[in-house]
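Visitor: Please take a close look at the cysteines in this model, and then at the helices listed alongside them. I would like one connected account.

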Amino acid sequence: MHKELYANGVNFVQAGRKRAAHNQMAVVERNGDVAPLIHDVMHEIDRQPDHVHVLSSEMFFRTSLADAFAKQFSEEFKHRIRIVAYLRRQDKFLEAMFKQALKNGRFRGTPQQYWTRRDNAVHYSEVLDAYSELFGKDSMIVRPFERSAFPDGDIVKDFAGHIGVDTQVTGMPDTPPSNLTLSYEVSHLLGVLNRTTDINTRYLIREISRHNTRGAVRSSDCYVTSERREIMQSCEEDNSYVRKTYCSDLSELFDMSDLTGENDDHPASESERLERLQQATYAVLRAIGKTHKTRVR
């Protein structure tokens, strides 16, 4: 697909990218000197002045990255840059990040403990304002991550529209979402494996997602409705500022119709929790059997 994009004037920048995202740049910035990598990006862009150049990473959403880019990009580069940011509703963001940390074995606590630990990360204005101050407000394109608002529910088509690219011309395929949300129980078991074995859980995740094993994919299973309301209430003032400042065309930043008073808490029963654990255990063990061979040490 990258070749088709390039043939139609879009370069998915190779410098600083491994596989599908430029996470390497964020990792290097956090642990060392990112300047050489940014200079590589600039050189690649300079070699192809007639193309639209795309860098993409969820990990770019940090004030330190905004500072690093601003320091290394020339003034001429800054005037050409457009920053497209998709914001996930904070309760959904916390759940996604909790499950990510859980399955990687980096966090062992409860969703509620994770919420307390990452409470400062759910106020988006600080990072947006940093990019806006350094690159100019006119460079900012801020949209909620709501599939219902995307053309055909496709974020790729939405992004292409913002950078002036015709999705039909560039040959972007119509594919179902591949980044499925694994259940709390599956995420927990993967975390245990990461901490206690040498099993490569990336292969397990791919197999579970490919097979879509019954009960292995589930969202909204970390926080009950009242907790989600509380999370969103804590972000209300910041979200109002973000909407007015960066996307005033929207009547509200996020759709929160599922958090109305009519939707009460419905925690899983003991039998439901047992069934979910059984489904998760089967999904993980099946994936191990499909991707690994046993070896006695």
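**Cysteines and two helices**

Guide: In this predicted model, the cysteine closest to cysteine 222, judged by sulfur atoms, is cysteine 235, and the 17 Å between the two sulfurs is too far for a bond. Cysteine 222 is also buried, its relative accessible area being 8%. Cysteine 247 has cysteine 235 as its closest partner by sulfur as well, at 15 Å, which is again too far for a bond. With a relative accessibility of 1%, cysteine 247 is buried. A disulfide would need two cysteine sulfurs within 2.5 Å, and the structure holds zero disulfides.

Arginine 243 lies in helix α14, which spans residues 236-246. Arginine 243 is buried but forms no salt bridge; aspartate 249, the nearest side chain of opposite charge, is 7.4 Å away. A salt bridge requires a side-chain nitrogen within 4 Å of a carboxyl oxygen, so that distance does not qualify. Leaving aside residues up to four places away in sequence, arginine 243 touches Ser248, Leu250, Ser251, Glu252 and Leu253.

Helix α12 runs over residues 201-211, and its buried residues are Thr201, Leu204, Glu207, Ile208 and Ser209. These buried residues pack against α11 (184-196) and α15 (270-291). At the start of α12, asparagine 200 places a side-chain oxygen within 3.0 Å of the backbone nitrogen of arginine 202. Just after α12 comes asparagine 212, with a positive phi of about 50°.

Conventions: Residues numbered from 1 in each chain as written. Predicted model: local features only at pLDDT ≥ 70, side-chain atom pairs only at ≥ 80, totals over all residues. Heavy atoms only, no water. Buried < 20%, exposed > 50% of the residue type's maximum accessible area, 1.4 Å probe, protein only. Helix = DSSP H or I, 4+ residues; strand = E, 2+ residues; numbered from the N terminus. Contact = heavy atoms within 4.5 Å. Polar contact = N/O pair within 3.5 Å; in protein donor to acceptor, adjacent residues only side chain to side chain. Lys, Arg positive; Asp, Glu negative; His and termini not counted.
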